[in-house]
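Trainee: Could you walk me through how to read side-chain contacts in a model like this one?

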Amino acid sequence: MRLSIIARLAAGLIFTAPNIVLSIEIQSITLPDVDLSPLGQVAILGDFGGISVYRYAGQENATMPSSSKSDSLMIDLSPNLFFDISDSDGLIGSLCLLNNTVYIAGNFTRIGNKEIQSVASVDLDTGNVLGLGSGISGNVNAAYCDEDSDLVYFGGSFTKNVAIWNTTAVSWETVPFNGLSGGPVNAIVKRDGKIVFGGRFDGIEDSTSTLTEANIERQLQLVNIRSANVSAVGSSSSSYYGNPESIVCPANVSRERTSWLVEDGQQGVWTASFPYDIQPTRMRLYNAIADGRGTRLFRFVAHPINGILNLTYTDPETGDKAYCDAWCPLSNITTADYQDFEFVNDISINGFSVYLLDYYGQGAGLSGIQLYQQRIMTYAVAEYNEPASCGISRKEISASRVVGEWEHTTINGVSYLSTAELSGAELLMHYVSFYPDITVSGNYTVILYTPGCVADDSCDTRGMVNVTTFATSDGEEESSIIYQTNDYDKYDIIFQGSVDAIDEEFRPSVRLVPLSSQTGQITVVAQSAQFVLTSTSGGLNGLFEYDPSNYTVAESGNVYETAINQAGLMLEDRAEVRAMVIANSSLYVAGNFADGSSIHNILAIDTAGNITSLVRGLNGRVSSLIVSEDKTSVIAVGDFSGSSAGSNVDLSYIASWSDSASKWSNFDGGVNGPVENVVRTTLSLSGTNVSTLIFTGSFTEVNAANDEEALSSPGCALWIENEHTWADRTDLALPYLTGSLSASVAATDGTYILAGSVVSQSLGTSGAVILSNGFELNSLPFEFASGDETSSQRRAIFPVGVYKSSDVVYTGTFYANDSTTYLVAGGDFSATSGESIYKNFMILSDGGAIGGFTQDVFQESTVVCSIHNCFNTSLIIGGAFNGVVNDTYVNGVAIWDLASKAFSNRQPPALGGENVQVNVIAARPNTHSVVVAGSFTSAGNMTCENVCIYDMDSGIWDSVTEGISGNISSVYFLNSNNMIVGGAMHTVDTVNCYIAAYNLGTMSWNTLGMQSMTLPGPVSAFLSTSDSVDDAIVAGTYPDGDTSYLSAYRSGSWHTLSQGLNNGSLISTIELLPLGSRATRQSSILPDDMILLVLGNLRLAEYGNVSAAFHDGDGWLPFLYTIKSDGSPGTVHMVMTEHENAVPSIAGMTIKEKLPMRAGFVVLISLAISLAIMFIIVGVGMLAAFYRRRSEGYELFSPTADESMTQTLPPSALFGDMTMTKS
C-alpha cells in the first residue's frame, strides 16, 4: 500500500523514550502543521471517556482494547500512554532489572514474535527480546535480580519450583539445594546477603527420602494402545496370524489366538502411533506361541526421534539384571507368560516401533504387547484413558466426564476437546472432569496441559478457565484461574500437596470450567491432567532462607535453623506466603496464614530475628506489599477489612503500616472490593511528574471518606503519593486508564517498565475536551458529574454502547459575554451541576452549568443535533424534542435567550410530522435567516418538507420550493443564494438523490444529475474547496448504513478517498483546516495550504479504530484515538471553534456562521452618508456662486423694493390651475 506524503513524513523520525537510559526505538509521529491560533478556543465533542492525540507508531495497541486477554511489557510514554514494548500470549507476574536488562517471569509461550517459555529478558539498550535457554515449563511467579552475583532467581510452580539464571555465563545454574517441594514459590527477596523464598512449600529437594519401589509399582499406569494407530511391515499372509492389532490386549483371549506373525524366515516391524505423548517406564512383551514360532531378538525404536532406546531386564536363566539396546533378547518362555523390560531413560514419545530381528522355529511373532508409564495421566478424550480390561485388576481406572457439546480435535499430533464459541450462561453449561487412577496417598504435583491456539486458529476467542483440584477426602480443594491464550502448547502446575488415594467414598479429581465472568465469544479447550507422586523432606512451611556464600549439601541438615525458617514453622501447616518486602531492615512477610494466636496474614522479622505480629495482623489474606515512596510505611493490599485486633479503623482492602507509630491506617476510605496488585509508576499530571500507585482488583469504587463522595473506579484506582489522596480527588488532569497491572520496575533514570494488560488514553474525560496549539489536550475548566447518587466521577457524560448511543455530545458552540467565554453542549446525555439535572443541552462556565434543558422540560427529549449562535444574544437549538416553553408548544426547534439565561419569550412555530428531528441549522450569509433541515413535513401552518427557512427578525417560517423529499443531514452554503443539501433524499418522481443544489434567489432546485446519481449512498457531510459544487468533497454511507465512504468530485467525476477505510467505519463530519505552510503532495484534490480532517468512528486498515484522521488526498494519518467508558471505541462528532470564520469549511456554512450587520442599520448608514454628501455638494456650490456674483458687481436685493412681494398668496392662486383641463 502506497503511503501518503504525511504518512511518509510521520514515519521519518525515531523516538527514544524520554529521559531514559534504555534505547528502545519507538517511532514518533509528526502531525500536519495546522495553526490553531486563529481559531480561538477549539473543542472536540463526541462520545468518549478517554482521548489521545496520535503521537507514536503503533499507538493503537496502547489506546484501544485488544482482542487478546494477555499481558504485555509496557513503558509509560508522555503523555501517560502505556505503550507496549512486547506483548505475550499469557501472564507476566514479575519483573526485575539487572545490567539494563529487564528479566520477565510469568506463564506464557510467546513474547513478541518469539516462542519463549515463561521466562525472558529484554535488553533495554537494543530492545532485543530473548528467551533464557529452553525456558521453564510452568508458571513462574517471582523473579529477583541479584546485582552482587549477576544471578537471577526465579520461583513458581514448575519442576523443583526454583531456577537460577547466570547472566554472565548465559546459562542455567544448578540449584545448590535442588529446589523446593510441596508447593509454589511466590516471592523472592534478599536481606543481609541471603536469598529468602516465600510460598507454600514444605521442604527442600535434596532430602534423602525417596519414593518406595512398592509405591512406584502400584502407581504404574497402563498405556491405552487401543487408542493408537497400529500398523506392521512383513505380516504373515495368514488371515489367522496377520492382524497386528490382535496383540494389543492379550489378556482377553488365549495367546495362541492373539498371536501376530511375520512371514516365515523374514524380519518384521510392529508400529503404534499415538495422538498424544507418552513416557513409557516399562514394556511387557508376550512372545508368540504358534507351532514353535517366536521372536528371539528385537529392537525398540522411539518416535519421533527415531532413536533406539536402552532397556534393562532380568535374565530368566541367571536372575541377574542385564542391559540391551539394538539387540534385545526375548525368551521363548515356557514358565511365564511374558517378559518385562524397563526403559533406562524417561523420554516422551508419540509412537514406537518394535523390530523383530531373529526368531525361534520358522518365524518371528508376538502374542501381546503392553506399555506402562509412571505418569498418572487422565485425558479429556475418554478413549485415550486406561483401557477397561486388558489385564487390569484394579477396580478403578483413569476416566473423564464431559458435560456440554465438545468436539474431538486433532492437530499436528495433539488431540483434545474443544467447544464452539460460547457466551453468557453457556459457559457454565460446559465442563470437563478428570478422574485419575490414584492408588497411593501422598504428595503430588498436578499438571494441566493446554494445547496452543495458533494451530487451531482460535487465539482471538481463547479465554480463561477455572480449574479446581479436589485432593483429599476431608474436602480440601484448590482453584486456579488458567489462561488458555497460549500460542503454543504449555502446561500449568495447578496443585502441589497431599492427595488421597481412591477408596469407596472418595476419588480425587480435577474440574475444568470456563470462567463465567468473561464477555464475548469464548472457545474452551481441554486436553489432559497429570498427577506426579513426589517426595518431600518436610521441615519448612512457606519460608526458606538460603545463604549462597556458604551453603553446601553437607550442611543441608542445618538449613532449617535460621530465624526466618523457624518463623515459617511457627505458622499453621500449609501457610502460604504471597508477598515480601524489606523496609527499615525488617523483612515483612504477608499472605494467607496464621499461628493460631497473634499472627494473622502478615508479620515482620527484624535483623535480630525478632518476630512482630503488627498488632495481630490483618483479618484477611494479603496479596501484595509495597514500600511507600518516603520509606516510612509498608502498604498491604488484599481481601481484608481491618486489623485482627478488632480496632475501629476500617481498612477496606488497603492498609498502611507505620513502624514508627506501630499502627495501621487506611487509605482515604479504601475501596469496596479485594485488591490483587499494587504497582508504582510516574505519571505526568498537569505538567508535573508525580509518583503514583496503581491499585487493581475486583472493586468497583473508591469509598466515601472525609465528606468526600465515593468515586467510581471499576477495577483500577490511582493514588497520588505526594498528596496522600486518590487522584480523582485532586485538581490534576488525569489519564484514562483501565485494566490490570501485575508488576513494575524502575530503570536507572527512574523511568518505569510495567507489566499487565492496560488500555490508556492521555486524558480521561467524557464528551468534550479543549485542543490547544501543539495539539495538546486539556480538560474543560469545569467538572461534569454523574447523576448516580452512590458515586461520582469528574465526568459529565458517561458514554454507553455503540455509535449513536445515549450519553454522547453531538454538537456545541462557544459564545462570549463580556470577558467570559461559555461552552454550549448538545447531544443525548444526562448530567448534573449543583442541584440541577440537565438533559441533552447545557451551557457551562468556569463555575459550572448556568442553564439548559432540565428534567421538568422536554420530558420526552431524545437528542439535540445542532446549535446555532445568533450574535451572542440567542441560541437556536435543533433536534428531536417537544414540549411547552413559555406557554408555547415547540417541536424540533427552540430558541434560548443568552441574556436571561432562559428560553426566549418568542419561539418558532412548531415543526410537524412523525418523528420530527432537526439535523442541521445553517445561517444564510448576509441575512438574518437560518436554514433548518432534517426530517419533518411542516413548520407552523406552512407545508415545509424537511428543509425550511426561519427569519430571526420576524420569527416567521418561509418554505422552499417543492422538489426534494427525504431526510436531510447536511447543509452547505456556497454563497448567499446557493446552498447544497445532502442526505437520503429523492425527487418527486422517486429518483434517489444524495446531494442537491437550491437557489434561494430563483427558488429552484437542481438535482445535479450524474454528480448526485453516481454517489454510492446518502451524503451526511459536504464541503467545497472553492465556491463551486464542482470542487466538492462528501462523506456518506453505503445503502446498508453500516459503513461510510469518502469521495472528491474533480473534472466531472467522483474520486474515492476511501482506500484504507475498512467496513464498519462511520464518518460524522468532515472539515477543511488551514496549514501553517504549504504542503508538497502527489494529489491535487486539496489545495496545498489545506488539509482534510475526517471525524467519526473510523476503522483504518493500517491504524485500527481512529476517531479523527487527516487525509491529504493521498492517504490517511490518525489524529485522535478515543475510547468509551465501557472500553469500546469512541466517536468524535464535531470540532468546535470559537472563531468560526477562521475555519474554511465552517465559514462555508456547514453548520453555523456569524451573521452580517442587520439590513436596517445598513440602510440608515447608507442614507446618512448620502445626505452628508448632498449637503457638502450644495454648500460648496452656493459658496462658489456667492463669490462669483460678488466679483461681477451683483448687489443684495432690498426687501422693501416691492411690497407686493411681501404679501401672502392664497393656495388657490398657487394650485388653481391644477384643476383646469389640459387642452
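**Reading rings and charges**

Mentor: Sure. Start with Arg284: its charged end sits over the ring of Tyr338, 3.9 Å from the ring centre. Keep in mind that this is a predicted model.

Trainee: Which ring does the charged end of Arg299 sit over?

Mentor: That would be Trp327, with the charged end of Arg299 5.0 Å from the ring centre.

Trainee: Back to Arg284, then. Which side chain does Arg284 meet in a salt bridge?

Mentor: The general idea comes before the case. Side chains of opposite charge can pair when their charged atoms come close. Here Arg284 pairs with Asp340, at 2.8 Å from N to O. Arg284 belongs to strand 25 (residues 280–287) and Asp340 to strand 31 (residues 339–343), so the bridge ties together parts that are 56 residues apart in sequence.

Trainee: Is Arg284 buried or exposed?

Mentor: Buried, because its relative accessibility is 12% and the cut-off for buried is under 20%. Asp340, on the other hand, has a relative accessible area of 23%, so it is partly exposed.

Trainee: How many salt bridges does the structure hold?

Mentor: There are 17. One of them joins Glu676 and Arg621, again at 2.8 Å from N to O. That pair also links distant parts of the chain: Glu676 is in strand 55 (residues 675–685), while Arg621 is in the loop between strand 50 (611–612) and strand 51 (622–627), 55 residues apart. Glu676 is partly exposed at 29% relative accessible area, and Arg621 is partly exposed at 23% relative accessibility.

Trainee: What about Arg462, buried or exposed?

Mentor: Arg462 is buried, with a relative accessible area of 0%. Its side chain meets that of Asp456 in a salt bridge, 3.4 Å from N to O. You can also look for salt bridges that join up: Asp87, Arg110 and Asp487 are linked in a network.

Trainee: Now for the rings. How many aromatic pairs does the structure hold?

Mentor: It holds 45. For each pair, look at the distance between ring centres and the angle between planes. Take Phe300 and Phe352: their centres are 5.0 Å apart and their planes lie at 15°, so the pair is stacked, because planes under 30 degrees apart count that way.

Trainee: Where in the chain do Phe300 and Phe352 lie?

Mentor: Phe300 is in strand 26 (residues 294–303) and Phe352 in strand 32 (residues 349–360), so you have a pair linking distant parts of the chain, 52 residues apart. Phe300 has 0% relative accessibility and counts as buried; Phe352 is buried too, at 0%.

Trainee: Why is the pair of Tyr449 and Tyr491 tilted?

Mentor: Check the angle: the planes of Tyr449 and Tyr491 are at 55°, with ring centres 5.7 Å apart, so this pair is tilted. Tyr449 sits in strand 39 (residues 442–450) and Tyr491 in strand 42 (residues 490–499), so the pair ties together parts 42 residues apart in sequence. Tyr449 counts as buried at 18% relative accessibility, and Tyr491 counts as buried at 18%.

Trainee: And which residues form one aromatic cluster with Phe300 and Phe352?

Mentor: Trp270, Phe274, Tyr276, Phe343, Tyr379 and Tyr384 join Phe300 and Phe352 in that cluster. So when you find a stacked pair such as Phe300 and Phe352, go on to look at the cluster they help to form.

Terms used
Residues numbered from 1 in each chain as written. Predicted model: local features only at pLDDT ≥ 70, side-chain atom pairs only at ≥ 80, totals over all residues. Heavy atoms only, no water. Phe/Tyr/Trp six-rings, centres within 6.5 Å; stacked < 30°, edge-to-face > 60°. Helix = DSSP H or I, 4+ residues; strand = E, 2+ residues; numbered from the N terminus. Buried < 20%, exposed > 50% of the residue type's maximum accessible area, 1.4 Å probe, protein only. Lys NZ or Arg CZ within 6 Å of the ring centre and 35° of its normal. Salt bridge = Lys/Arg side-chain N within 4 Å of Asp/Glu carboxyl O.
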